[in-house]
Amino acid sequence: MKLTRYFFSLAVLALVAISAPETAQSSVPAGSVRIHYHRNNADYKGWTIFDWTGALNPSPSYQNPGTPPPVPDDFGVYWDIALAPGATQLFFIVRNADGSVKNCQSDMMLNIATNGLEIWLLQDDCTIYSTKPRTDLVGNIIQARAYWVNRDTLAWLGAEPNDTYQLYYSPDAGITDVATSGVEGDGKSIPLTVDPNGLSQTIIDKFPFLKGATVFKIAQSQLGQVPSLLKDQLVLVKFNGAQAVDATSLQLPGVLDDLFYFDGRLGAHFADDAVRFRLWAPTAQKVQLFVYDDPNGTVPTIYPMIQKDRGVWETQAGDYSWVNHKYYLYEVIVFSRATGQIVTNLVTDPYSLGLAADSVKSLVVDLNSPFTKPISWNLIPKPPLASPTDIVLYELHIRDFSISDTSVPDKDRGKYTAFTHIFSLGMQHLRSLAKAGLTHVHLLPSFDFSSVPELASEQKTPQIIQPISAPDSEQPEDAIDAVKDQDGFNWGYDPYHYGTPEGSYSTDPNGITRIREFREMVESLHSIGLRVVMDVVYNHTSAAGQDPTSVLDKVVPGYYYRLDDHGNIYTNTCCSDTASEHRMFFKLMLDTLKVWAKEYHVDGFRFDLMSFSFKDNLLEIKEAMRDIDPTIYLYGEGWNFGEVANNALGINATQANMAGTGIGTFSDRGRDAIRGGGPFDGGTSLVANQGFINGQWYDNNGSSQATLQQLLDAGDMVKLALAGTIKDYQFVDNHGDLINGAQLNYNGQPAGYTLNPPDVINYISAHDNQTLFDNNQYKIPIATTMADRVRINNLGLALVALAQGIPFFHAGDDILRSKSFDKNSFNSGDWFNKLDWTYQTNNFAVGLPQEEDNKNDWPTMDPFLINPGIKPGFDAINSAHLYFEDILRIRKSSPLFRLQTGDEVKQRVKFYNVGPSQQPALIVMAISDKVGRKLDPDAESIVVLFNVDKIAKTISLPDYAGIPLELHPILKNSIADLVVKQSQYNAPTGTFIIPPRTTAVFLEREKRRDETEFKAR
């Protein structure tokens, strides 16, 4: 449906009415899209378009859009943007000269099939119009610039308090126009009075951005009709005298939270000899229940639903025979501002516990039914966990784990059930890591997501010609591109239903099989000593509005999402940003997390873009999880950006704000210093930005401009990471100054931000960006031997594993995993995401990676891909794996590597080789057990030396002169690292000699013990 009809049958005001479609004034050049743009004051100087996906010549950067100047026309101006061959979408941003102002705060996405090749945009309006809108009117009721914040209070930023205001409503969306002469159509109105006292502090605390807004009150006598008004089309009109001069729709979450917050159980549950269905839909005019006998049913039995208290619609129907068998949908009749109409939506249950394939229907489920459980469910205990700092995380994609593992039966590859084959190569790999010290498997999203066809019979397979013609062949990525979104692979960061396992990972996505198989996976991992973390994505959903995969917005339009000051949904997280500050969305978060923790025995949660929720949200979640299982650990991404940046909407869950909570945030500080560069590097910077482990200054690759000072600065950042990134940890920096962690600078921010080790996740590789191996290949000098390339990989793993805090590893870090340089493999298929548990290949040089995110870097990648000396074989891969096990054993061997408080770190961790006269590329860390309570019965202290240089290092520590130290027995007996055995220590002088590219760990023993006994520990 074209957007003109889609949005403007509403046409509430002459202020916003849309004219009939007009014929384009001139033809659009072939292979291009024409974007018209109108600004109210015709101030077009400097306005331009930044474009990327879908453009034939994407903008070089946001700072340099490179778009030709706009062409004036009678609408305003227009740009012609050449499209890439076969493009179905165009992503773009209309912005001012310096990029500081966007016309729409969210990224724009033109769907060519829906919108056509000629579109129109209005100032401060995120709507893409497929026909020319009127520009001679004031106001826009597609936008919602005013806020109904509680039952008797409305607010409008910038509204003049001396004017007169009326709230218009129509129960049948019958307001057709509000001209300057008055209101036309079927609208009725309520007078509003301006409150000179402004908003209360309570309201400002909830809506900090409304401070200073003009405030309107509804008379006490009118409050009784407010609940029914909220079901109607609503428009706030501003009058100057008798003349209407502006108008807007309203944002309703505040008043809905005030009047309709419901703290009871939602969804479908068997109770009182019937199935009770409850749906929170306070703005709905009517709701009915449609019940189906099977997942493909088309003729439902219809049951009326009654609106109860707090906006909940309810009915009871059927009996226990419905449980695990009957499917259902809700028919919701509701006004949608996005469409301007009363819409009838047939929608699944936001609280679904089960689903049909492809989520087309919800399933009535009893999670206590024995048919939903493995036979031994509740009999296998969780692996013990004494402290959060005992945790070691391994991030794994469910499909990656087994799709290429021929030791798994074909029907189970890529499925939950692959984890039940405990003698498969993949499970043997995980078991060996668990024995060495790995504690948790972090699973990429496994709730129901929308990006993969769930029935295997409907999934397409890329036709990749094997063997590929060359290591830099484009054929694999072309084949994947032809079927992406139709194959079986995606990372799954596109939530559809939060409380149901994803169906594509099940052997049967219909019915309860996916529930039982998810539980079998968790049970199997527990049985080999591994806990399970679930990656959850509450910051956005895959779609909103009337999109086919939209759920929440079809039930309560405009409520669940975070809207900008014009009422457009923010999309700073990539998709439609949800609003955890709205009470019923946070309830959905909390309720579904409880389901995963209690009913599926999940042991931890990683929150995608956690900072888009709030500190109080996470603390409440933590308390709820503690009641279920006090060992559940929470962590997530605390990046400070988007509409929530700098606490704009409240104290959000950023790195700095979460200090002291025991909820972990990923640290980019150590990551960037250790591996080099940053996540947004491209082109030559991928090579030039060497890091601490891969040659910065001391082993120049010919492209780097790194100085000794940069290496020393990186070394200080690595030291802070080893000390848990604690903000008040003190050490001597490379200038000789005694500083604390917060005084160290990271891109203009305090580098130190935590209070205690559980606050930080240490990592240098994850599903995002290049793998550790791929990143290193860019930066290591081309002549470097394979043995040294493995040692560089090992140095990175050791720095993460032996740092205070929680170590996090990307699955395959330990087997030199490559994605053939793909920096965003979310939709790159099994080919680029392959894990090979035979260790025969690491998947490097299997073709040029996906064009969409990597094409600009292809010229940089090519010389590496075609170099056979960079591709490791079994010996190199197996060596890296065995080394990883060694380093996990070392971390596990002493609680000194797993300190629990910031005070312990400050008391016990000390760095040598500091100040301006230090030896570069060498970090010396000592951890003492001679202060405070005794932690390690075997060691008085531990000295760890990280020599990342390509030459040996000799250093004397006077504090250790006369103290006997010995190489850690795990290293002394290592079969993975023979070089470390060349490390030397002279006790009388306290002198160490450390081989190149080596991590050496020395122990000062409390008392001598048989090494075999020590190793067994």
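1. A word on charges to start: Lys and Arg count as positive and Asp and Glu as negative, with His and the chain ends not counted. The place of a charge is taken as NZ of Lys, CZ of Arg, CG of Asp or CD of Glu. On that basis, the protein chain holds 85 positive and 118 negative charges, and their mean positions lie 5 Å apart.

2. Please keep in mind that this is a predicted model, in which local features need pLDDT of at least 70 and side-chain atom pairs count only at pLDDT 80 or more, while totals for chains, interfaces and linings use all residues. Residues are numbered from 1 along each chain as its sequence is written, and side-chain values use heavy atoms, leaving out hydrogens and water.

3. Now the overall fold. The protein chain has 24 helices and 51 strands; these are DSSP runs numbered from the N terminus (helices H or I, at least four residues; strands E, at least two). Along the principal axes, the C-alpha atoms fill a box of roughly 95 × 70 × 65 Å. The radius of gyration is 30 Å, which agrees with the value near 31 Å for a compact globule of 1017 residues; it is taken over C-alpha atoms, and the globule rule is 2.2 Å times the number of residues to the power 0.38.

4. On packing, 63% of the 1017 residues count as buried, meaning under 20% relative accessible area, with exposed over 50% and partly exposed in between (1.4 Å probe, protein chains only). Of the contacts (heavy atoms within 4.5 Å) with a separation of 6 or more, 73% are between residues 24 or more positions apart.

5. T153 is a nice residue to look at. It sits in strand β9 (residues 153-156) and is buried, with a relative accessible area of 1%. Its side chain makes a polar contact of 2.8 Å with that of D152 and another of 2.7 Å with that of K217. A polar contact here is a pair of N or O atoms within 3.5 Å; within protein, one must be able to donate a hydrogen and the other to accept it, and residues adjacent in sequence count only if both atoms are side-chain atoms. Beyond four places away in sequence, T153 touches Y147, W148, L199, I203, V215, F216 and K217.

6. Lastly, A84 lies in the loop between β4 (77-82) and β5 (89-95). This residue is partly exposed, at 23% relative accessible area. Leaving aside residues up to four places away in sequence, A84 touches G54, A55 and L56. A84 and N150 are 66 residues apart in sequence and 48 Å apart in space, C-alpha to C-alpha.
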